[in-house]
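Let's walk through this model together, starting in the middle of a sheet and working outwards. Keep the structure open and turn it as you read.

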Amino acid sequence: MARVVVDVMLKPEILDPQGQAVQRALPRLGFEGISDVRQGKRFELEVDGPVDEAALARIHDLAESFLANTVIEDFTVRVEEVAEAVK
Amino acid sequence: MTARIGVVTFPGSLDDRDTQRAIRLAGAEPVALWHKDKDLKQVDAVVLCGGFSYGDYLRAGAIARFSPVMEPLIEQAKAGLPVLGICNGFQILTEAHLLPGTMLRNNHLHFICRDQKLRVENAETAWTSDYTAGQEIHIPLKNIDGQYVADQHTLDTLESEGRVAFRYLDVNPNGSNNDIAGVANEAGNVVGLMPHPEHAVEPLIGTGRTDGLPFFTSILKKLVNA
């Protein structure tokens, strides 16, 4: 089994009020030197069978049509190596 | 014979009963549609009502958009079936690409609930013909994901084609581009807006105005005279 990770972020030109609210809270918490925060979503897809080009293409379609709204969001698809469980 | 207007209930819809009531008050016959229905029961028009379908998970309207009932709805809307999306219904219509743009969280991040002044910009759609262009109306607004955004090209197209149906007046309550409260598709049969006309149809409710009723009388007249 393999894991495919889809990251969805608001496009750079889209205002992210939630990220801004997080960023504004940082100095209060004693975190200095962070000039911007953008908030996004991460999806972890556990894929049955091999993650070949066809499977990735299908996940790309899934991300484009459902996980992200491409009017306001960009997304990336990548395969994540799953570490063997500790014996 | 009167017109039959469908109202879809999704898991998490809130305003289906109010919408049915508004349709009845206008003189049409409301028809309850369920998200799992695979046909539209031969209704003459459909309203997608407000609420939080599927808990607004993923994005507001994003999961409802793939419900079984949406398949015939999208197909028939493209062929001219009148469809009105109110609040969450508007969000579902943008997710289904029947209307352009999308909604972001309000720019101030607060849920908002207020009587909102609007200007009717387009009184020629299937749902607005009982208004006059430029008319100012008061309609309740209640949401957290109400900030309408679209890219500049889309905004320019909407403005130049007169497809901004409603605009916020006096105050922009959520940061929407160009003060846009509602838009129409190119043919004018599909209209979506964030404020709730179904909550402004009886003198006893709210401010006592019935400024929302013309949505439902507009469509009734159009269907009966068709």
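Strands E4 and E11 of chain B run parallel to each other and are joined by four bridges; helices (H or I, at least four residues) and strands (E, at least two residues) are DSSP runs, numbered from the N terminus, and two strands pair if DSSP finds at least two bridges between them. Within this pairing, B:Val83 sits opposite B:Val190 of E11(B). Before going further, bear in mind that this is a predicted model: local features need pLDDT of at least 70, side-chain atom pairs count only at pLDDT 80 or more, and totals for chains, interfaces and linings use all residues. Residues are numbered from 1 along each chain as its sequence is written, while chains are lettered from A and ligands numbered from 1 in the order in which they are written.

Now look at the other partner of E11. Strand E10 (residues 180-184) of chain B is antiparallel to E11(B), with three bridges between them, and one bridge pair is B:Gly182 with B:Leu193 of E11(B). E10(B) and E11(B) make a hairpin with five residues in between, and in its turn B:Gly188 has a positive phi of about 80°. What about the side chains of E11? B:Val190 and B:Gly192 point one way, B:Val191 and B:Leu193 the other, and all are buried. Buried here is a count: 20 or more other C-beta atoms within 10 Å of the residue's own, with 12 or fewer making it exposed, anything in between partly exposed, and C-beta atoms placed from the backbone.

Zoom out, and these strands turn out to belong to an open sheet of nine, in the order E2-E1-E3-E4-E11-E10-E9-E6-E7 of chain B, with mixed pairing. E2(B) and strand E7 (136-143) of chain B are the edges; each has a single partner strand, so one side of each is left without a neighbour in the sheet. On average, neighbouring strands of this sheet are turned by 25° against each other, direction ignored; the axes behind such angles are lines fitted to C-alpha atoms, for helices over the stretch in contact, and angles run from 0 to 180 degrees between N-to-C directions.

Which helices pack on these strands? In helix H2 (residues 70-78) of chain B, the residues B:Met70, B:Leu73 and B:Ala77 are buried. They line one face of H2(B) because they fall within an arc of 60° seen down the axis, the arc being that of the directions from the helix axis to the C-beta atoms. These buried residues pack against E3, E4 and E11 of chain B, where contact means that the C-beta atoms of two residues, placed from the backbone, lie within 7 Å. After H2(B) comes B:Gly80, with a positive phi near 120°.

Helix H1 (residues 16-26) of chain B has its own buried set: B:Asp16, B:Thr19, B:Gln20, B:Ala22, B:Ile23 and B:Ala26. These cover an arc of only 160° around the axis, which puts them on the same side of H1(B). They pack against strand E1 (4-9), strand E2 (29-34), strand E3 (45-48) and H5 of chain B. Just past H1(B), B:Gly27 has a positive phi of about 105°.

Next, the annotated site. In an unreviewed UniProt entry, "active site" covers B:Cys87, B:His196 and B:Glu198; positions follow the numbering used here, feature names are shortened, and annotations may be inferred rather than shown by experiment. The three are spread over 112 residues of sequence, yet they cluster in space, with a largest C-alpha distance of 10.9 Å.

Where does B:Cys87 sit? It lies in the loop between strand E4 (83-86) and helix H3 (88-95) of chain B. B:Cys87 is buried because 29 other C-beta atoms lie within 10 Å. Leaving aside neighbours within four places in sequence, B:Cys87 is in contact with B:Gly50, B:Asn143, B:Met194 and B:His196. B:His196 lies in the loop between strand E11 (190-193) and helix H5 (213-225) of chain B, and B:His196 is buried too, with 26 other C-beta atoms within 10 Å.

Finally, turn to chain A. Here three strands form an open antiparallel sheet in the order E2-E1-E3. Eight residues of chain A are in contact with ten residues of chain B.
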